[in-house]
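Please take a moment to look over the chain before reading on. The paragraphs below lead through its parts one after another.

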Amino acid sequence: MTNPATERRSSEQRVTKQRLAVNAALEKVDDFVTAQELHRWLVDGGDKVSLATVYRLLLSMAEDGVVDVLRNNEGEAMYRQCVIEHHHHHLVCSNCGKAVEVEAPAVEKWAARVAQENGFTEPTHTVEIYGLCPACSAAKAAGSIV
């Protein structure tokens, strides 16, 4: 398996100990995490990395398409290593935060058409669909969550 920290980086990105540590930490989590959470895990694990470096690396990795970025209810950025290596969207549980990567060709066509109809070129977009995941839906039906 290839290492996304080195395979998809832009030509000016150096592979540093800190970048490898951030990538390794992201490989261990299934859901989205904040930069602060990731920094705390790294420091607790003995890595010497500043919070500013974690933020910088996560932003760089997001630009390189190595991590996905979502905003939580407070507007804080949350990061997760991409599973799908090309443009995609997310279904996000508004209760537990679980996220599923999905492809949506119809959304791509719609975005291109709307941009073209309005004279825009080089359109980009981000789509997150919020709802309840199957587990939280079942818990709500059982009265376990409100």
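**Helices and two sheets**

In this predicted model, a good place to begin is the pair formed by helix α2 (residues 17-27) and helix α4, whose axes come within 10 Å and cross at roughly 70°. Because angles of 65 to 115 degrees count as roughly perpendicular, α2 is described as roughly perpendicular to α4. On the side of α2 the contact is made by Gln 18, Arg 19, Val 22, Asn 23 and Leu 26, and on the side of α4 by Thr 53, Val 54, Leu 57, Leu 58, Ser 60 and Met 61. Sorted by class, the residues in this contact of α2 with α4 are six nonpolar, four polar and one charged.

Helix α4 (residues 51-63) also packs against helix α3 (residues 35-44), at an angle of about 120° and with the two axes 9 Å apart. The relation between α3 and α4 is therefore oblique, and α3 passes α4 in a right-handed crossing. Here α3 contributes Ala 35, Gln 36, Leu 38, His 39 and Leu 42, while α4 contributes Leu 51, Val 54, Tyr 55 and Leu 58. The contact of α3 with α4 has seven nonpolar and two polar residues, with no charged residues among them. Val 54 and Leu 58 of α4 take part in the contact with α2, and Val 54 and Leu 58 are also listed in the contact with α3.

The next element to find is an open sheet of three strands, arranged in the order β1-β3-β2 with antiparallel pairing. Its edge strands are β1 (33-34) and β2, each of which pairs on one side only. Helix α2 packs on this sheet, where it touches β1, β2 and β3, and the direction of α2 makes about 85° with that of β3. Helix α4 packs on the sheet as well, touching β2 and β3, with a direction that makes about 110° with that of β2.

Within this sheet, strand β2 (residues 67-71) and strand β3 (residues 77-81) run antiparallel and are joined by five bridges. Following the pairing, one finds Asp 68 opposite Arg 80 in β3, and Arg 71 with Ala 77 in β3 as its bridge partner. The hairpin of β2 and β3 has five residues between the strands, and in this hairpin Gly 75 takes a positive phi near 85°.

Further along the chain there is another open sheet of three strands, this one in the order β5-β4-β6 and with mixed pairing. Strands β5 (99-102) and β6 (128-131) stand at the edges with a single partner strand each, so one side of each is left without a neighbour in the sheet. Direction ignored, neighbouring strands of this sheet are turned by 20° against each other on average. Strand β4 (residues 89-93) pairs with β6 in the parallel sense over four bridges, and His 90 stands opposite Glu 128 in β6.

How far the predictor trusts these parts is a last matter to consider. The chain averages a pLDDT of 83, and 88% of the residues score at least 70. Among the elements of the chain, α3 has the highest mean pLDDT (95), whereas helix α1 (residues 4-7) has the lowest (43). Over residues 1-12 pLDDT stays under 50, and for these residues the model has 20 contacts beyond four places in sequence.

Definitions and conventions:
Residues are numbered from 1 along each chain as its sequence is written. This is a predicted model: local features need pLDDT of at least 70, side-chain atom pairs count only at pLDDT 80 or more; totals for chains, interfaces and linings use all residues. Side-chain values use heavy atoms; hydrogens and water are left out. Two strands pair if DSSP finds at least two bridges between them. Axes are lines fitted to C-alpha atoms, for helices over the stretch in contact, and angles run from 0 to 180 degrees between N-to-C directions. Angles under 35 degrees count as roughly parallel, over 145 as roughly antiparallel, 65 to 115 as roughly perpendicular and the rest as oblique. A crossing is left-handed if the near helix is turned anticlockwise from the far one by less than a right angle, and right-handed if clockwise. Contact means heavy atoms within 4.5 Å. Ala, Val, Leu, Ile, Met, Phe, Trp, Tyr, Cys and Pro count as nonpolar, Asp, Glu, Lys and Arg as charged, and the others, Gly among them, as polar. pLDDT is the predictor's confidence in each residue, from 0 to 100.
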